[in-house]
Amino acid sequence: MARRHAAAVSAFLFLLLVGHCHGGKTGICYGRNADDLPGPDKVAQLIRQQSIKYVRIYDTNIDVIKAFANTSVELMVGVPNADLLAFSQYQSNVDTWLKNSILPYYPATIITYITVGAEITESPINVSALVVPAMRNVHAALKKVGLHKKITISSTHSLGVLSRSFPPSAGAFNSSYAHFLKPMLEFLVENQAPFMVDLYPYYAYQNSPSNVSLNYALFSPQSEGVIDPNTGLVYTNMFDAQVDSIFFALMALNFKTLKIMITETGWPHKGAAKETGATPDNAQTYNTNLIRHVVNDSGTPAKPGEEIDVYIFSLFNENRKPGIESERNWGLFSPDQSSIYSIDWTGRGNVDIMTGGNRSNGTWCVASTNVSETALQNGLNWACGPGNVDCSAIQPSQPCYQPDTLVSHASYAFNSYYQQNGATDVACGFGGAGMRTTKDPSKYPVLKTTTLIM
């Protein structure tokens with residue numbers, strides 16, 4: 001009987017360790033176009049509380065950079081479009097910037113990326129010819145101080161850099177951008193830097209809800225697959241389709257080895273009357289499913305299993321941003337630092353956003369092997385139905401589907417319900433199909449003994 005208990009808990013451990021493996025990285029965009037945000041020191045504290053390890057900022061504000069000193073958080077900093085002229089014209093301008101804005105705070109503040117220009121094809125002033133010269137000058141400045149292999153240089157783009165994005169295999173760059181794109185791509189390859197792009201399935205859905213289903217935009221398991229007629233690849237979500245359209249566009253120019261990094265993606269939680277998709281539930285669903293997708297190294301249909309890094313937009317609502325209502329409502333947190341909706345940064349589904357920790361009181365609920373498969377199935381059906389457990393993670397191709405056993409799936413559902421409902425004896429009942437354990441799966445990669453609460 002003890003061996004059967006161990007097998008059940010071992011299966012559960014494997015299931016949760018899928019969520020613990022570290023695949024692609026998930027970070028957050030910290031924009032500051034607002035007049036009601038907490039100070040940088042408080043923001044850095046909030047980010048540490050949430051166990052967020054990667055943060056993108058859009059400039060090199062000294063107060064912000066100093067706030068992240070000795071935090072182990074890795075920063076992506078930016079050179080705004082307004083500075084590209086000065087950065088491209090004179091090397092001395094860049095050397096002075098590096099001396100004043102980076103070197104005094106590095107490496108106490110870990111800076112891993114510098115973005116030179118942001119979505120330049122969307123800029124009202126044409127600065128595209130300035131980007132690559134500015135990137136080369138930043139590289140030269142870093143090389144002088146021996147940091148050119150520690151800090152990576154790139155530039156971010158909108159999906160508008162493509163002339164065609166559907167089907168994904170027909171992805172192609174706009175030929176009018178060739179004058180700066182080709183030398184930029186060559187620079188990226190030469191310096192082993194990623195191609196950075198900002199992707200927003202929300203806008204595809206909002207602009208064409210009759211052609212893009214909400215399930216498809218939100219990574220929902222209920223999404224109907226979209227087949228690329230040229231490759232036969234099946235896409236179950238728009239994010240993957242957009243990423244692959246970039247990949248095929250790069251491949252068409254013989255840059256197929258370039259890594260793609262998503263420097264912005266997310267979903268607004270509030271919008272104007274016509275923006276019916278902008279709700280807290282949809283924002284939570286998109287970002288939760290996105291993180292699971294990234295942590296699981298699901299890759300895309302064209303590059304299955306490939307690690308991809310993403311930065312979620314954004315940390316706060318930004319009340320000074322112009323445009324439609326949703327533009328000001330992408331934040332995960334309000335200015336008072338309260339969460340607008342819960343999000344699980346681990347991809348496991350049982351983390352409390354307010355504490356950054358597991359909701360468990362030191363116990364977990366797993367499936368018993370002393371009951372029939374019918375009893376386990378009944379318990380699983382109840383947890384995922386009337387019990388209101390989000391069981392999307394144990395659907396085919398999702399992060400916790402493997403191992404594909406009834407014990408593993410039931411353990412996932414039972415523990416989810418248990419943690420969400422006070423971790424009480426009653427919450428681990430399931431008609432006798434659940435049992436409690438005191439072993440924390442995240443701390444015991446190999447189970448040698450089990451302590452069960454019978």
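## A walk from the Asn70 loop to the H12/H13 pair

Start by selecting Asn70, which sits in the loop between helix H3 (62-67) and strand E3 (74-79). Keep in mind as you look around that this is a predicted model. Check the backbone of Asn70: phi is positive, about 60°, although the residue is not a glycine. Now switch on a surface. Asn70 is exposed, with a relative accessible area of 63%.

**Zoom out for a moment**

Show the whole chain as a cartoon and you have 13 helices and 17 strands to orient by. Of the 454 residues, 53% are buried. If you draw contacts between residues at least 6 apart in sequence, 70% of them join residues at least 24 apart.

**Next stop: the loop between H5 and E4**

Select Leu103, in the loop between helix H5 (91-101) and strand E4 (110-118). Is Leu103 buried, exposed or partly exposed? With a relative accessible area of 31%, Leu103 counts as partly exposed. Leaving aside residues up to four places away in sequence, Leu103 touches Leu98, Val145 and Leu147. Add Leu142 to the selection too: Leu142 is 39 residues from Leu103 along the chain, yet their C-alpha atoms are separated by 9.8 Å.

Stay in this loop and step along to Pro107, which also lies between H5 and E4. Look at the peptide bond joining Tyr106 and Pro107: that bond is cis, with omega about 10°.

**On to the loop between E12 and E13**

There is another cis peptide bond to visit, joining Phe313 and Ser314, with omega about 5°. Ser314 is found in the loop between strand E12 (310-313) and strand E13 (351-352).

Slide along to Gln337, in the loop between E12 and E13 as well. Which sign does phi of Gln337 have? Phi is positive, near 75°, in a residue other than glycine. Gln337 is partly exposed, with a relative accessible area of 24%.

**Last stop: helix H12 and its neighbours**

Now pick helix H12, residues 373-384. Put a distance between its first and last C-alpha and you get 16 Å for these 12 residues, close to the 16 Å expected at 1.5 Å a residue. Color Leu376, Gly379, Leu380 and Ala383, which are buried. Why do these four end up on the same side of H12? They cover an arc of only 100° around the axis, and that puts them on one and the same side of the helix. The background is simple: an α-helix has 3.6 residues a turn, so residues three or four places apart point the same way.

What do the buried residues of H12 pack against? Show strand E15 (364-367) and helix H13 (406-420), and you have the partners.

Keep H12 and H13 on screen and turn the view until you can see both axes. They come within 9 Å and cross at roughly 40°, so H12 and H13 are oblique to each other. The crossing is left-handed. To see who makes the contact, show side chains on both helices. From H12, select Glu373, Leu376, Gln377, Gly379, Leu380, Trp382, Ala383 and Cys384. From H13, select Leu406, Val407, His409, Ala410, Ala413, Phe414 and Tyr417. Notice that Leu376, Gly379, Leu380 and Ala383, the buried residues you colored before, appear in this contact as well.

Notes: Residues are numbered from 1 along each chain as its sequence is written. This is a predicted model: local features need pLDDT of at least 70, side-chain atom pairs count only at pLDDT 80 or more; totals for chains, interfaces and linings use all residues. Side-chain values use heavy atoms; hydrogens and water are left out. Helices (H or I, at least four residues) and strands (E, at least two) are DSSP runs, numbered from the N terminus. The expected span of a helix is 1.5 Å times one less than its number of residues. Buried means under 20% relative accessible area, exposed over 50%, partly exposed in between (1.4 Å probe, protein chains only). The arc is that of the directions from the helix axis to the C-beta atoms. Contact means heavy atoms within 4.5 Å. Axes are lines fitted to C-alpha atoms, for helices over the stretch in contact, and angles run from 0 to 180 degrees between N-to-C directions. Angles under 35 degrees count as roughly parallel, over 145 as roughly antiparallel, 65 to 115 as roughly perpendicular and the rest as oblique. A crossing is left-handed if the near helix is turned anticlockwise from the far one by less than a right angle, and right-handed if clockwise.
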